[in-house]
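Dear colleague,

I am passing on the structure we spoke about, with the sequence alongside. Please have it open while you read the notes that follow.

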Amino acid sequence: MSMGINEVVNKQAESLPPLGVSGLGGWLIIVQMGLFATVAMNLAGIYQSWDFVFAENMWDMITTESWEFYHPLLAPTILFEIVLNLVVGGLSIFALVQMYRKKSSFPKLIITLYIMFAIIQIIDYALIMQIPLLNEMSDMNSPKDLVRSILNCVVWIPYFLRSERVQNTFRR
């Protein structure tokens, strides 16, 4: 069977190295470090939440209405934190794998993750502000984290949409 001229041209174009900058260098180094930091912070968050919630009798206290620090949103918020840390950590590991495999789906995935992180920070901050105990003891979910998450969207989403390096690197 013979190949059509378009198929031959497309096959040759796929085998050619990209023009211009490519690879996981440049600003993508910061993205890599951010993803590794996200995985580490989520593992630490899971450990801290797990250790706090499942310490001896703690869950019983948290869910007992007669406890002086009881709040109806406390237990759901803590469970929400644990589940989110698992999901975000897993998605961050998946994103790293996609990044190192230079998959064409990576830019869309990382943009989705940045948006998801910002939404999670907004929800998390709103919940923390509702629960006096968490509001007093939490410095992890501060307005700084919320602003940082939004700034990540403002900086990195345009980068992934417009960067020549991103377009040349994630082609598979």
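On the surface of this predicted model, Ile122, Val147, Ile150, Leu151, Val154 and Val155 form a nonpolar patch, whose accessible area together comes to about 520 Å². Helix H7 gives the largest share of that patch, five residues. Valine 154, which lies in helix H7, counts as exposed because its relative accessibility is 53%, and the cut-off for that class is over 50%. As a general background, nonpolar side chains in soluble globular proteins tend to be buried together.

Turning to the interior, the largest nonpolar core has 26 residues, and those with the most contacts inside it are Leu28, Val31, Phe106, Tyr114 and Phe160. The elements that contribute two or more residues to this core are helix H2 (28–53), helix H4 (74–100), helix H5 (106–130) and helix H7 (143–162), with the largest share, nine residues, coming from H5. If neighbours within four places in sequence are left aside, phenylalanine 106 is in contact with Val31, Leu35, Ala95, Gln98, Met99, Phe160 and Phe170. There is also a second, separate core of 12 residues, which includes Met58, Ile62, Leu74 and Ile82.

As for confidence, the mean pLDDT of the protein is 86, and 88% of its residues reach 70 or more. Confidence is lowest in helix H1 (residues 5–15), where the mean is 62, and highest in helix H8 (residues 164–169), where it is 95.

With best regards

Key:
Residues numbered from 1 in each chain as written. Predicted model: local features only at pLDDT ≥ 70, side-chain atom pairs only at ≥ 80, totals over all residues. Heavy atoms only, no water. Core = buried A, V, L, I, M, F, W, Y, C linked by side-chain atoms within 4.5 Å. Buried < 20%, exposed > 50% of the residue type's maximum accessible area, 1.4 Å probe, protein only. Helix = DSSP H or I, 4+ residues; strand = E, 2+ residues; numbered from the N terminus. Contact = heavy atoms within 4.5 Å. pLDDT = per-residue confidence, 0-100. Patch = residues over 30% accessible without salt bridge, like charges linked within 9 Å, V, L, I, M, F, W, Y side chains within 5 Å. Areas by Shrake-Rupley, 256 points an atom, 1.4 Å probe, with all protein chains shown as cover. Salt bridge = Lys/Arg side-chain N within 4 Å of Asp/Glu carboxyl O.
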